[in-house]
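Reader: Please explain the terms applied to this model, setting each value against its definition.

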Amino acid sequence: MSETLSGPLSPAGNGAAAPAPLTLSMQGALNRALGEVLEDNPKALIFGEDVGRLGGVFRITDGLQARFGAERVFDTPLAESGILGMSVGLAMAGFHPIPEVQFDGFAYPAVNQIVSQIGRMNYRSRGALPMPIALRVPSFGGIRAPELHGESLESLFVHVPGLKVVSPADPHQAYHLLRLAGSMPDPVIFMEPKARYWQKGPVDPADAGALEGARIVRSGRHLTLIAWGAMVSRCLQVADLAAEDGIEVEVLDLRWLSPIDADGLAESVSRTRRAVVVHEAPRSSGLGAEIAALVTERCFNTLKAPVERVTGFDVPYPSGDLEDEYIPNIDRILFGIQRVLEHRRG
Amino acid sequence: MAELSFPLPDLGEGLIEATILEWLVAEGDQVERNQPLVEVETTKSAVELPSPQAGTVVKVHGDAGSMIAVGDPLIVFEVPDDTAGIVGTVPAEKPPARRVRLSAVLDDD
């Protein structure tokens, strides 16, 4: 558990030679991280649909094929099972694949390769065949995209043993977490909140801050709001509004969805004694249920109310304007907070 | 800002080239997605090509009357870094609005 600055990062304290922090969009931060991963590791390869010549539909791989050549950054056929199947073979042959699945909903055809091979090859081979694969998946909703372009698949991946799952909330986190994911010996599902691609923020390449576990983005003493990905910035807005009403909300960015930082969750909630978890995914068996269980197991005696979940609904993700009703909005999160504040033990 | 080059697309039916009849935009113009860019003539017909995206026209290739092959550069756009991907739109950053107010008696027991 660590605190990371949410305001502009000061160059002071990094030493005179440290480069100044940059202001980048998450797109730019991810692009920069990928370029550096390719520079650092000659075995790293990037491939997927349109990631080469086009530079990706969200321009995350923009310019990388021109810089590193078509043997290291290349386009694949529209076949996600092939993209991930090839990743398995390349990883066995000593490469470090960084494939992209163009949209969350396109990961479904690759689930067999992810579950049956990538998640368990290290275990199956008793460590002889590790799977250093960082799979980038533009994820979650919020951009008025059509069907299968706004899915929240974290519960699916988190349920598979052998995978790590991480989602950055801002450009600084995106830059450093992708650099880390691209150099880890384990398979990592890297869920990029596509609704936050264009928002700019400070990125300090020289000072990552702690990257393991959850992080407290805002401190407060009355209640912990738990979120990840695009919901973190929304929860920060909610915390501002709650403060107008005299409620001090702590915002915890879970960051790593597998493994979950249960100690970090318990540390925060044991102080605030109230918790609301917010996610875009459907409610039933969503990650909020696991978090509610973990918090309850560890904080049962201090909790003032059951852990509240503010989530998407148990229906297919809607397209068009309806997504504003589906994704937890400010009022729904405030209602969740109010329900917890009102709770009285019988 | 980033520059994006748009080549003459495959106009179908095995056509491999087209003649530029008239540019409907000029260098420096701001264009919208689907706005007609240029009228070209093939051996089959004259067609207007719609813009694949919004942006500022940096360069147009070829004057009226010149022949251009499918796949050769046709027009170059400058696009801001925060343009949407090929699918979807950039979410508008609105100031947070609320209807719900919190009320609580916080007994710090």
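Reader: Why is Arg136(A) called buried?

Author: In this predicted model, Arg136(A) has a relative accessible area of 1%. Buried means under 20% relative accessible area, exposed over 50%, and partly exposed in between, with a 1.4 Å probe and protein chains only. The value of 1% is under 20%, so Arg136(A) is buried.

Reader: What makes Glu100(A) and Arg136(A) a salt bridge?

Author: The term requires a side-chain nitrogen of Lys or Arg within 4 Å of a carboxyl oxygen of Asp or Glu. The side chains of Glu100(A) and Arg136(A) meet at 2.8 Å, N to O, so the pair satisfies that definition. Glu100(A) lies in strand 5 of chain A and Arg136(A) in strand 6 (residues 134-139), so the pair ties together parts that are 36 residues apart in sequence. Glu100(A) is also buried, because its relative accessible area is 3%.

Reader: On what conventions do these statements rest?

Author: Residues are numbered from 1 along each chain as its sequence is written, and chains are lettered from A and ligands numbered from 1 in the order in which they are written. The model is predicted, local features need pLDDT of at least 70, side-chain atom pairs count only at pLDDT 80 or more, and totals for chains, interfaces and linings use all residues, while side-chain values use heavy atoms, with hydrogens and water left out. Helices (H or I, at least four residues) and strands (E, at least two) are DSSP runs, numbered from the N terminus.

Reader: How do you know that Arg215(A) and Asp253(A) form a salt bridge?

Author: Their closest N and O atoms are 2.9 Å apart, which is within the limit, so the pair qualifies. Arg215(A) lies in strand 10 (residues 215-218) of chain A and Asp253(A) in strand 12 (residues 249-253), so parts 38 residues apart in sequence are tied together. Arg215(A), at 1% relative accessible area, is buried, and Asp253(A), at 0%, counts as buried.

Reader: Is Arg339(A), which forms a salt bridge with Glu308(A), buried or partly exposed?

Author: Arg339(A) has a relative accessible area of 41% and is therefore partly exposed, whereas Glu308(A), at 16%, is buried. The closest N and O atoms of this pair are 2.7 Å apart. Arg339(A) belongs to helix 12 (residues 330-342) of chain A and Glu308(A) to strand 15, 31 residues apart.

Reader: Why does Leu322(A) count as exposed?

Author: Its relative accessibility is 53%, which is over 50%, so Leu322(A) counts as exposed. Leu322(A) sits in the loop between strand 15 (308-310) and helix 11 (323-326) of chain A.

Reader: What is the relative accessible area of Tyr108(A), and where is this residue placed?

Author: Tyr108(A) has a relative accessible area of 37%, so it is partly exposed. Tyr108(A) is in the loop between strand 5 (96-100) and helix 4 (111-118) of chain A.

Reader: How are the residues that line the second largest pocket classed?

Author: They divide into 14 nonpolar, ten polar and six charged. Ala, Val, Leu, Ile, Met, Phe, Trp, Tyr, Cys and Pro count as nonpolar, Asp, Glu, Lys and Arg as charged, and the others, Gly among them, as polar. Strand 1 of chain B gives the largest share of this lining, four residues.
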